[in-house]
Amino acid sequence: MLTPSGLSAVTTALLAHLKAGDHLLMVDSVYGPSRAFCDKMLTQIGVEVEYYDPRIGAGISALMKPNTAVVYTESPGSNSFEIQDIPAICEAAHAGGAIVMADNTYGAGYYFRPLDHGVDISIHAITKYLCGHSDVMMGSITANEAAWHKTIAAHGTLGQTAGPDDVYLVLRGIRTLGVRLDRHMQTGIALARWLEARPEVKQVIHPALESHPDHALWKRDFSGACGLFSFVLNPCSEEALAAFLDNLDLYGMGYSWGGYESLIVPQDMTKYRTVTSGDFGGQLVRVHAGLENIDDLIADLAHGFSCMAAVGD
Ligand SMILES: Cc1ncc(COP(=O)(O)O)c(C=O)c1O
């Protein structure tokens with residue numbers, strides 16, 4: 001099922017399977033606007049929303065209630081890249097009679113296939129990699145047989161349809177998905193490794209790096225990594241951060257990742273977390289590695305760091 005944006009795919013899937021009196025288990029590292037929908041709209045119609053630690057794994061069974069209808073996952077977590085143990089979560093959720101949804105925008109249906117791991121409904125912001133050119137907004141909902149009928153009924157009732165010209169552009173984008181994603185992965189890992197060796201950087205958070213706490217889980221379930229990752233700067237002044245970001249030429253400061261161009265955005269996760277910490281001990285910065293030349297992208301970051309050093313701490 002196609003919807004007019006990634007966020008509308010999230011909201012349509014949730015509305016299709018939740019009603020007043022139901023309990024939703026929502027991952028604490030979820031994409032911010034999905035969280036806002038739960039807090040502002042689902043609670044208003046009488047859904048009980050409970051957040052859980054993305055690293056909970058099979059422990060989710062302790063949070064299951066008789067009225068738990070949906071367990072929602074997003075792996076890796078938005079901006080913080082925790083990998084969830086999806087098969088373990090699916091087993092516990094299904095044992096308790098709930099269905100499992102996954103926001104798989106990161107995996108793009110290419111590096112991770114949620115339905116193969118037990119998920120009932122896979123959601124994509126195809127605005128990102130499937131479109132690939134930052135010029136169309138669209139979402140998709142893919143459901144297994146058990147979850148299909150309720151989902152498609154809500155999709156039609158809510159009128160969440162995508163326009164044919166947009167669909168044409170996404171179909172064209174899909175033709176180059178594989179080559180683009182492999183390049184995004186290669187560049188993302190190169191940038192992450194380069195950043196890991198920089199004195200300005202406290203930590204790089206990239207699931208494909210051995211230093212990532214969930215690297216083994218990522219290797220078990222994913223066949224690759226897209227171009228999105230974060231790093232944490234050693235504590236620095238706002239002026240130093242601004243000097244770094246303002247002096248980058250090749251990285252746009254934009255939110256909607258997955259296109260051909262590289263992006264960089266400072267993030268504050270503390271306001272989006274309730275059961276886990278969003279404090280990384282320094283400024284969190286999210287990078288999207290685009291399709292530009294790798295050496296140019298590294299040289300641009302090096303230039304940004306030299307401008308930062310000129311301002312001082
Ligand atoms: C993980 C994730 N899910 C959903 C969305 C929403 O997609 P859209 O911008 O198409 O509404 C985004 C957008 O950034 C996202 O990062």
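What share of the contacts in the protein with a separation of 6 or more is accounted for by residues 24 or more positions apart? In this predicted model, such residues account for 73% of those contacts. The fold that they help to describe contains 9 helices and 11 strands.

The overall dimensions come next. For a chain of 313 residues, a compact globule would have a radius of gyration near 20 Å, and the value of 19 Å found here agrees with that expectation. Along the principal axes, the C-alpha trace spans about 60 × 45 × 35 Å. Buried residues make up 56% of the 313 residues, while the accessible surface comes to about 12800 Å², with 55% of that area belonging to carbon and sulfur atoms.

Turning to the interior, nonpolar side chains tend to be buried together in soluble globular proteins. Here, the largest nonpolar core has 68 residues, and Leu-14, Leu-24, Met-26, Leu-42, Val-71 and Tyr-72 have the most contacts inside it. Helix H3, covering residues 86–95, gives the most to this core, contributing 5 residues. A second core, separate from the largest one, consists of 25 residues, among them Leu-209, Ala-240, Leu-245 and Val-287.

Tyr-72 offers a good view of the surroundings within the largest core. Neighbours within four places in sequence aside, Tyr-72 is in contact with residues including Val-10, Leu-14, Leu-24, Leu-25, Met-26, Val-27 and Val-30. Its partners also include Ser-34, Tyr-52, Met-101, Asp-103 and Ile-123.

As for charge, the protein carries 20 positive and 35 negative charges, and the mean positions of these two sets are 4 Å apart.

Note on methods. Residues numbered from 1 in each chain as written. Predicted model: local features only at pLDDT ≥ 70, side-chain atom pairs only at ≥ 80, totals over all residues. Heavy atoms only, no water. Core = buried A, V, L, I, M, F, W, Y, C linked by side-chain atoms within 4.5 Å. Buried < 20%, exposed > 50% of the residue type's maximum accessible area, 1.4 Å probe, protein only. Helix = DSSP H or I, 4+ residues; strand = E, 2+ residues; numbered from the N terminus. Contact = heavy atoms within 4.5 Å. Rg over C-alpha atoms; globule rule 2.2 N^0.38 Å. Areas by Shrake-Rupley, 256 points an atom, 1.4 Å probe, with all protein chains shown as cover. Lys, Arg positive; Asp, Glu negative; His and termini not counted. Charge placed at Lys NZ, Arg CZ, Asp CG, Glu CD.
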